Amino acid sequence: GCGGGDDAGSGDSGGGGGKITMGFSQVGAESGWRTANTKSIQESAATAGIDLKFSDAQGKQENQIKAIRSFIAQRVDVIAFSPVVESGWDTVLKEAKDANIPVILTDRSVDSQDKTLYKSFIGSDFVLEGKKAGEWLVKEYEGKPEPVNIVELQGSPGAAPANDRKAGFAEVIKADPKFKVIASQTGQFTRTDGKEVMEAFLKAHQDIDVLYAHNDDMGLGAIEAIEAAGKKPGTDIKIITVDAVKDGMTALAAGKINYIVECSPLLGPQLMDLAKKVKAGETVEQRVVTEETTFTQEQAKAALPDRKY
Amino acid sequence: MTAIVKHRLFWPAVVLVLLLVSNVFFAPRFFTITLQDGHLYGSLIDVLRSATPLALVALGMTMVIATGGIDLSVGSVMAISGAVACLFIGDLSNQGSVGGVLLAVGLALVLALVAGLWNGVLVSVIGIQPIIATLILMVAGRGIAQLLTGGQIINVSSPPFRVIGAGYALAIPVSVIIVAVVVAAAVLLIRRSALGVLVEAVGASPTASRLAGIRARGLTIGAYVFAAVCAGIAGLIFSSNVASADSNAAGNLIELDAILAVVIGGTALTGGRFSIAGSVLGAVLISALDITTYTIGVPAETTLLFKAVVVVILCLSQSAAFRAAVFRRRRTPAVTPAAEVPA
Amino acid sequence: MGDPPILQMTGIRKAFPGVVALDGVDFSLRPGEVHALMGENGAGKSTLIKVLTGVYDIDAGDIRLNGDPVRFGGPLQAQQAGISTVYQEVNLCANLSVAENIFIGREPRRFGKIRWSEMRRRSTALLAGLDLHLDVAAPLSTYSLAIQQMVAIARAIDVSAKVLILDEPTSSLDASEVERLFEVMRRLKRDGVAILFISHFLDQVYAVADRMTVLRNGTLIGEYATAELTQMQLVTKMIGKELTVLERLEEEPREVAADAPREPVVEAHELGRAGAIEPFDLAIHGGEIVGLAGLLGSGRTELARLLFGADRPDQGTIKIDGKPVTLRTPRVAMNHGIAFSSENRRTEGVVGELSVRENIVLALQASRGWSRPIPRRKQDELVERYIKTLGIRPADPDVAVRNLSGGNQQKVLLARWLITEPRLLIVDEPTRGIDVGAKAEIQRLLVELADGGMAVLFVSAELEEVLRLSHKIEVLRERHLVGELDNTGGGVDADRVMQAIASGANP
Amino acid sequence: MTDVKAPPQPAVTVTAPHKRRRADRRHIPVLATLALLALMYGLGVANYDNFSDTQVLLNVFVDNAFLLVVAAGMTFVILTGGIDLSVGAVVALTTVVAATLLNDGWPAALVLPLVLLIGTTLGLGMGAVIHYFKVEPFIATLAGMFLARGLSLLINRNSIPITDPFWTSMAQERIRFGPGIFISTSVVIALVVVLAGAFVLAYTRFGRTVYAIGGNADSALLMGLPVGRTRIAVYTISGFLSALGGVLLSFYMLSGYSLHAQGMELDAIAAVVIGGVILTGGSGYLFGTVLGVLVLGLIQTIITFQGTLSSWWTRIVVGILLFAFIVLQRLVTRRSR
Ligand SMILES: Nc1ncnc2c1ncn2[C@@H]1O[C@H](COP(=O)(O)OP(=O)(O)OP(=O)(O)O)[C@@H](O)[C@H]1O
Ligand SMILES: Nc1ncnc2c1ncn2[C@@H]1O[C@H](COP(=O)(O)OP(=O)(O)OP(=O)(O)O)[C@@H](O)[C@H]1O
Ligand SMILES: [Mg+2]
Ligand SMILES: [Mg+2]
């Protein structure tokens, strides 16, 4: 073998004993959120006694398709994966179906017409996250007639969370014309880009009231830019972000962020439950939504001490 | 006058100025630089500051390209260097200790140096084609950085470390000073030694230089080591800037931008003649391009298209053949009315 | 008089940044004649050919082919119009096979598919016509420069062209190849082909040319029938000065012969490399010029490369000053005071991108190491001296060597090695493409250096030159060192060398 | 160095024995790659259950058909000493345009030629800029890359499903050799492309000119070869094959997405170079490129079969395998010289 993986069991594959073998194809390790997600799945597989075959797609759909095809060839019991994108899964899912291997989607759905191609989908709703962010904003500025200038830090162009969080947010705020998105640029989901873009926003626009960042990291980068410009994040400019990773929560508790919409990566236990049920032939829900909440500054202070990721 | 126009950096410089000026229509105070909290503040400073990691990487890349090679691993080296420094600082009992930070910086740079040695040996001792030799570290290096950080973003709260990427000295960003010092040192070293001509000879004609008694192996390894150390410093600036190490994002795709900067600066990818000033100008140009897209509010969907257009304009403006085609049409009637060849 | 010219160039002007290479040059070529283009290095001969075939645009002037004005967009168009050219430097693709280099662009095909066997068969036959027996499927890079030159010639003459241009085709060839080429040229001439021939060998020019056009410094001096002009007059027209140089050329050799060799600098024992040169013994003494004689591909270059560590021997030993050494790389050889100027100046010699100055100091700088740059003043002094001694033109140390004429590039390469003041100087075809005046200068220089105690290994395809300079002549044949002829006192003549080659033993 | 700089040896027999030996020596890099590939496959079979299934091997082809096509185009470009960074982006653009048009109800018979034409035109444009304006290929194709990705992002930033019946049937059509043993139509297309490409390179005037330009472009020009035309043509071919690769990818994914084929240019270059083509041009074989693609595919298969590698270990192990392969390849070819 080539170097030890950090966890998970040995490489023995398929079929042996009554132990379930699950093939899981992860998107990649593009963020702390994703790493927490991977960890949750690996840990809960270990506790649930499921033999996990983990494969990393390095952010490419073609790699995921390859991995799934390889899982079929390895004759695993269940296949689970976080689709990189929604479209284009029919062919390989059909192959899985032909091979009688049930499929569970995590984190993100697929747009297949044929719903029998997968058993269940467990994950967050990104549009809803965008809406939650918008709703908080609407409430915050309720009764104040003066215009609200918003700048938006988008995720990587084309990425599903970026698209949906933008769309959900836009849908809610368009109801009131006082909300105006005066600038919207991609911050590539990273701190550095978040900081750099925010710096440019600050120079180009004097009157920014609100920043909406598609994830915590970009928000954290932007905070640095705001501080460097001599303004107070959270006060001079209100900040809304999505994810609720520990760093974000810390900033929220410190008053530098105003509101965070949670997007939980900890769906391992739920997934393992589903896998067992599916394997046992029980019927399962087609859609399982992860339990997620939102955090204000006060809630963050309370939640911070036992935040895991 | 014509000497200036003929200079190979004239056209990139023109494009840079045009880019910067175009910002004024969207952000009137674009050229304003104020003193805020004891440091310079303004868009131009941002352009310089955000160009620093790229300028360093491009500087190193210039030397590698001059030897006829290419280094794809610079982004990964940046990630490793940032990760190592942040991990080390994170483990310090007192993150504010200058000695500890210096140790972390030293450790990161030593690792970068090792990475450069690795590349150099693969290329010049084992004789693997540079693009593949450095692809290995490009792929594996980021994995190593992620392994070190466990895939997490490592935060540090170390004021001395912050100085590198976000601090100011004499009102000037420290990162800009670092780059200026490294560039000046490189230029001085090359001017004061015979490195320039030897490297150019190796890049332009390996066979002829071997027969002229030049030890290409040492020079080549040196170039890769230099590139890696530059990338290492860039990685430190990058992670210090946001006080955290993000192994996934640090230096992602920077190799392309760096090569672009080098080529804009007039160094041919085939090796030989190189221009450090050109590469630095190229880096500033690319950084200005990024900031311009933000300032004039190019929608995220069209950013790439915008970049493509500028790159096309840039490479056409640099192409003597293109300029000849454009100018000839204008000049021909004036100079030689009839006899000239129909092009 | 005679036929109307097939090719007529009038008032040609071509300027490069900083130099006017051609200024109002007229030239005409008639069917069935061999017309020599003469001039010193840098006179503009190659440039004239390049503007004719469309490699460069002309700034002014008029080109007519069969009376019709033409302006070619490039060699392809010129070729299609019936002008076949061998350019000065060997311009072939070393990565392709010999056969392909001859036929590429006009391969025998059936239904668009290249017929490789036919191509190989025809190229083998074509080369056999030039008395060359090569493995035509082997990459061209496996053959020596002289053979590559022959291949280029074969390519050009196989095209049934109306105009054949040969720019210094004979610069690396020895007498028998030259004779074979001339036979072919005479045959083509009889068939009505117009041939433009460039060479710095006056004897060759007088042997084949019907007329000649002389250029000096980019300007036209005149057009003459060969019979009307003596060699002496020709030289005067070319260099614009009276005789002196030629006289020296005649004088020099006498001086050489008298000196007696001193200590051996290099001794090779059973040194050899499979496929390149069979094991040989050789000693070269201080103050001695050793010449290598042999036919095309006899292994002269290969022998020289082994002594410089450019190739690694697979057997035998080398001693320098009596101490055994291993010449792993050229650098090691240089540290032992050996210098080697390659015959292949374009790919193994000068670095085209760098300036004249940088090229000249390159080897000296390399041996000093990167950390000890040669002070600028010293550079200037050295470079200036050699630009002057060798007559490098333009005399501007900062011009890129790429932009120099072929002969001037060769001078730069020589200068590079001369300034290292080696103990053993190996020169492989040092006078390749160099004009009469400069050649005499170089020969004189070599003699002087040997008199000062330097050992010189002199390789040249021009046997006359070898005989004139060498104290000792090593004869090679089919990659064997077959004999050694003592030439102190100048007793050896060409016949004796040919005899030694033919019999394969010391007579 | 000389042994690799050889033209393809046509199938005709060579007579003299020493000639035969020399001819074989030129194939050593390719043969070494083949042997190492077999070794790697053997290691996989020895270490993992089910690895020896025929389908595992066939899947390498099924999963990499599009890369094979793209890499074939890249081989032409690299053989001339150029480089084409735009291929991944052109692949993405092709999928996006195809998906968009198909969703708008255009017939497949129209969409297919149209997208191929778009890719070809882009390639032609880049080739023309490179030739006429003497712009470095790296920069011209980098601009092409930004342009193509930018366009696809502009057309639609979301992933677009393809439901067109022709596309679906091409995607799901399987050529079966036995139960559970199959290849896709894309594999057949890719193999046809490779064979055609290899023929063009070895047996046509154009193909030999490609090698000549890679060997020495200046000489090729002076030899009267159509350097400009050929150079433009290789980028056009690369553009066309990228578009074709894009079509195959859209068969494979049944979707169009601006972020498809990210970094595919590097995969393609790597495959070409691993297959023994020299980046400076003039030497190498298309067959080597096929091997290069298989090496990359097999590495990925091994990683999935290992199944215990975290994201970072995946990267590290890919690096290690690549390293081991290339160094071994290098040592084998060097030893035999
Ligand atoms: N591409 C170029 N750029 C600049 N100058 C050039 C270029 N090509 C030639 N020259 C200059 O033009 C002049 C004529 O050169 P050319 O090569 O025609 O000489 P030549 O007569 O062929 O000499 P030789 O006998 O040495 O080959 C020289 O001074 C040379 O430096
Ligand atoms: N009979 C031959 N005909 C043609 N080529 C030959 C012959 N014999 C040897 N060769 C080639 O010539 C090469 C040896 O040439 P080398 O360069 O040592 O010769 P040389 O004596 O310097 O001759 P040249 O005048 O060609 O430079 C060998 O590599 C071989 O390929
Ligand atoms: Mg000439
Ligand atoms: Mg020779």
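Leaving its neighbours within four places in sequence out of the count, A:Lys60 touches A:Val84 in its own chain, and D:Gln262 and D:Asp267 in chain D. The model is a predicted one, and this lysine is a handy place to enter it. A:Lys60 sits in the loop that runs between strand S2 (51–56) and helix H2 (61–74) of chain A. Its relative accessibility is 19%, so A:Lys60 counts as buried, the cut-off being under 20%. As for the chains themselves, five pairs are in contact, and among these chains A and D share the most contacts. Chain A and chain C, on the other hand, have no contact joining them, and their closest C-alpha atoms are 38 Å apart.

A second residue that reaches over to another chain is B:Asp46, placed in helix H3 (residues 43–66) of chain B. Apart from residues up to four places away in sequence, B:Asp46 is in contact with A:Glu199 and A:Lys203 from chain A, along with B:Ile291 from chain B. With a relative accessibility of 5%, B:Asp46 is classed as buried.

Next comes the interface of chains B and C. Chain C puts 28 residues into this contact and chain B puts in 23 residues. Put together, the two chains bury about 2100 Å², with carbon and sulfur atoms giving 63% of that area. Three residues, C:Arg331, C:Glu353 and C:Trp370, account for 29% of what chain C buries against chain B, which is more than any other three residues supply.

How many salt bridges cross from chain C to chain B? The rule finds one. It pairs B:Arg273 with C:Glu358, and the closest N and O atoms of the two are 2.7 Å apart. Polar contacts between chain C and chain B come to five residue pairs, with both partners at pLDDT 80 or more. On the chain C side, the elements that give two or more residues are H10, helix H11 (330–335), H12, helix H13 (356–368) and helix H15 (406–418). Of these, H13(C) gives the most, at five residues. Sorted by class, the side of chain C that touches chain B holds 14 nonpolar residues, eight charged and six polar.

Chain C also holds on to magnesium. For the magnesium ion (ligand 4), the protein donors are OG1 of C:Thr301 and OE of C:Glu343, at 1.9 to 2.6 Å from the ion. These two come from distant parts of the chain, 42 residues apart: C:Thr301 belongs to helix H10 (residues 300–308), while C:Glu343 is in the loop between strand S18 (338–341) and helix H12 (345–349). Both C:Thr301 and C:Glu343 are buried.

Another magnesium ion (ligand 3) has C:Ser46 (OG) and C:Gln88 (OE1) as its protein donors, lying 1.9 to 2.1 Å away. C:Ser46 is in helix H1 (residues 45–52) and C:Gln88 in the loop between strand S6 (83–86) and helix H3 (98–103) of chain C, so this pair ties together parts that are 42 residues apart in sequence. Here, too, the donors are out of the way: C:Ser46 and C:Gln88 are buried.

Elsewhere in chain C, helix H4 (residues 116–129) carries C:Arg120. The relative accessible area of C:Arg120 is 13%, and the residue is therefore buried. From C-alpha to C-alpha, C:Arg120 and C:Glu100 are 8.2 Å apart in space, with their positions 20 residues apart in sequence.

Key
Residues are numbered from 1 along each chain as its sequence is written. Chains are lettered from A and ligands numbered from 1 in the order in which they are written. This is a predicted model: local features need pLDDT of at least 70, side-chain atom pairs count only at pLDDT 80 or more; totals for chains, interfaces and linings use all residues. Side-chain values use heavy atoms; hydrogens and water are left out. Donors are N, O and S atoms within 2.8 Å of the metal (3.2 Å for Na, K and Ca); water is not among the atoms, so sites may look incomplete. Helices (H or I, at least four residues) and strands (E, at least two) are DSSP runs, numbered from the N terminus. Buried means under 20% relative accessible area, exposed over 50%, partly exposed in between (1.4 Å probe, protein chains only). Contact means heavy atoms within 4.5 Å. Buried area is the accessible area (1.4 Å probe) that two parts lose on being put together, summed over both. A salt bridge is a side-chain nitrogen of Lys or Arg within 4 Å of a carboxyl oxygen of Asp or Glu. A polar contact is a pair of N or O atoms within 3.5 Å; within protein, one must be able to donate a hydrogen and the other to accept it, and residues adjacent in sequence count only if both atoms are side-chain atoms. Ala, Val, Leu, Ile, Met, Phe, Trp, Tyr, Cys and Pro count as nonpolar, Asp, Glu, Lys and Arg as charged, and the others, Gly among them, as polar.
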